[in-house]
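Work through the following exercises with the coordinates open, and compare each step of the solutions with what you find there.

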Amino acid sequence: MLTQDGGFLYDWGLVTVDTTVTVRVPAKVNLQLAVGPGREDGFHDLVNVFHAVSLFDEVTVKDASVRRSHALTGLTADGDLGSPPTRVPLDSSNLAARAAELLARTTGRGTPVDMHLSKHIPVAGGMAGGSADAAAALVACDRLWGTGLSRSELLELAARLGSDVAFGLVGHTAVGTGRGQFLEPMATTGRFRWVFALSPHGLSTGAVFGEYDRLRPNAPEPKENPTLNAALASGDAAVLGAALSNDLQPAALSLLPELERTLKVGEAAGALGSLVSGSGPTCAFLVGGGGEAPAVLDAREAEVIAALEGSGLCERVVTAHGDVPGATVL
Ligand code: C5P
């Protein structure tokens, strides 16, 4: 039987095996990123409030066992690949390929796949695009191979792949502790609207954490911010905007000083709050939400977009809303 997306379904008795699976996965912005002192394992303890927004990558896996018998994944990518477009590795170092490898090794169920990444999340932008792809690859291969793993087993594999991968599975809004991988869902009301200023430059997460250690050698233990949590729960966009915080921001600005000007442009244009997303360099601007009149919200959003586009500082300006669900099979 040919399915709508061109995949085939085979019926083996009671079991239906899908030979093509596509998973859609969102970007994240960090509403609070509190970073503790460096740990012995090289990581930092965090209080990391993840918020999934409506910029999506899609990961498609196709059974390739007939054509290939050795390499587990053959990787291709298209979409908004940034400049230069080579920033997405298409070999086994890609986190999505590593996700497939880990799932295959853990379950013994892996067969060769062609994996295609359709990218719309900024690459190396601090919005967890690579981690999102890994989460989507786990879900897609899990479905394709019929591994039978439980949700908590998949979450455990995700956490082994990277600090942000588990959130790609969960989505919505959640606070991550430990190195970011222990997730608790958070209550939110309404929909928040965001403008994102994409930088022509990339920043390495490891380099930004290194700069953080240099700038703040005696960091205190990270703590939750009750004001931010209450604003999320009540849908108060103005209070949320004022409560946004990112301890990595001074480090990102130190490595890429022009980001400070980008933040100022969006703030002067009326954003309710702004911050560098994660380790950057994407800058996020909250432009409204909750019970605000749509006309007020639209006008504010248009002002912020126009100011950023006119600044000459951004590669691109995009809008999104949050929160949205995590990795979803289409
Ligand atoms: O876990 P992930 O691979 O995303 O981390 C990338 C890098 O970011 C790590 O190698 C580490 O340098 C830094 N990091 C950290 N503390 C965390 C998460 C990431 O120092 N909690």
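On a 1 Å grid over the protein atoms alone, a cavity is a set of points where a 1.4 Å probe fits but cannot get out, whereas a pocket is an open set with protein on both sides within 12 Å along at least five of seven lines, and lining residues have an atom within 4 Å of a point. A molecule sits in a cavity or pocket if more than half of its atoms lie within 2 Å of its grid points. The structure is a predicted model, in which local features need pLDDT of at least 70 and side-chain atom pairs count only at pLDDT 80 or more, while totals for chains, interfaces and linings use all residues. Residues are numbered from 1 along each chain as its sequence is written, and side-chain values use heavy atoms, with hydrogens and water left out.

**Exercise 1. Locate the ligand and describe its surroundings.**

Step 1. By the criterion just given, the ligand sits in the largest pocket. Among the secondary-structure elements (DSSP runs numbered from the N terminus, with helices being H or I of at least four residues and strands E of at least two), those that give two or more residues to the shell around the ligand are β4 (44–63) and α5 (205–215). The largest share of that shell, three residues, comes from α5.

Step 2. Taking a residue as near when one of its heavy atoms lies within 4 Å of the molecule, we find the ligand surrounded by G42, F43, H44, L46, G162, S163, R179, T205, G206 and F209.

Step 3. Next come the polar contacts, which are pairs of N or O atoms within 3.5 Å; within protein, one atom must be able to donate a hydrogen and the other to accept it, and residues adjacent in sequence count only if both atoms are side-chain atoms. An N or O atom in the side chain of H44 is 2.7 Å from an oxygen atom of the ligand, and a backbone N or O atom of G42 lies 3.4 Å from a ligand oxygen atom. A polar backbone atom of R179 is 3.0 Å from a nitrogen atom of the ligand.

Step 4. On its own the ligand has 450 Å² of accessible area, of which the protein covers 72%, with areas taken from the Shrake-Rupley method with a 1.4 Å probe, and with only the protein chains shown counting as cover for residues.

**Exercise 2. Decide whether S163, one of the residues around the ligand, is buried or exposed, and list its partners.**

Step 1. S163 lies in the loop between α3 and α4. Buried means under 20% relative accessible area, exposed over 50%, and partly exposed in between (1.4 Å probe, protein chains only); S163 counts as buried because its relative accessibility is 18%.

Step 2. With contact meaning heavy atoms within 4.5 Å, and leaving aside neighbours within four places in sequence, S163 is in contact with F43, F50, R179, G180 and Q181. The side chains of S163 and R179 also make a polar contact, at 2.9 Å.

**Exercise 3. Find which residues of helix α3 are buried and what they pack against.**

Step 1. In α3 (residues 151–161), the buried residues are L154, L157, A158, A159 and L161.

Step 2. These buried residues pack against α1 (95–107), α2 (129–145) and α4 (165–170).

**Exercise 4. Compile the backbone features that deserve a check.**

Step 1. The peptide bond from G280 to P281 is cis, with omega near 10°, and P281 is found in the loop between β11 (273–276) and β12 (283–289). Another cis peptide bond joins G322 and D323, where omega is about 5°; D323 is found in the loop between β13 (316–322) and β14 (328–329).

Step 2. A128, although not a glycine, has a positive phi of about 65°; this residue lies in the loop between β6 (113–119) and α2, and is buried, with a relative accessible area of 14%. H172, also not a glycine, has a positive phi of about 55° and lies in the loop between α4 and β7 (173–177), where H172 counts as partly exposed because its relative accessibility is 37%.
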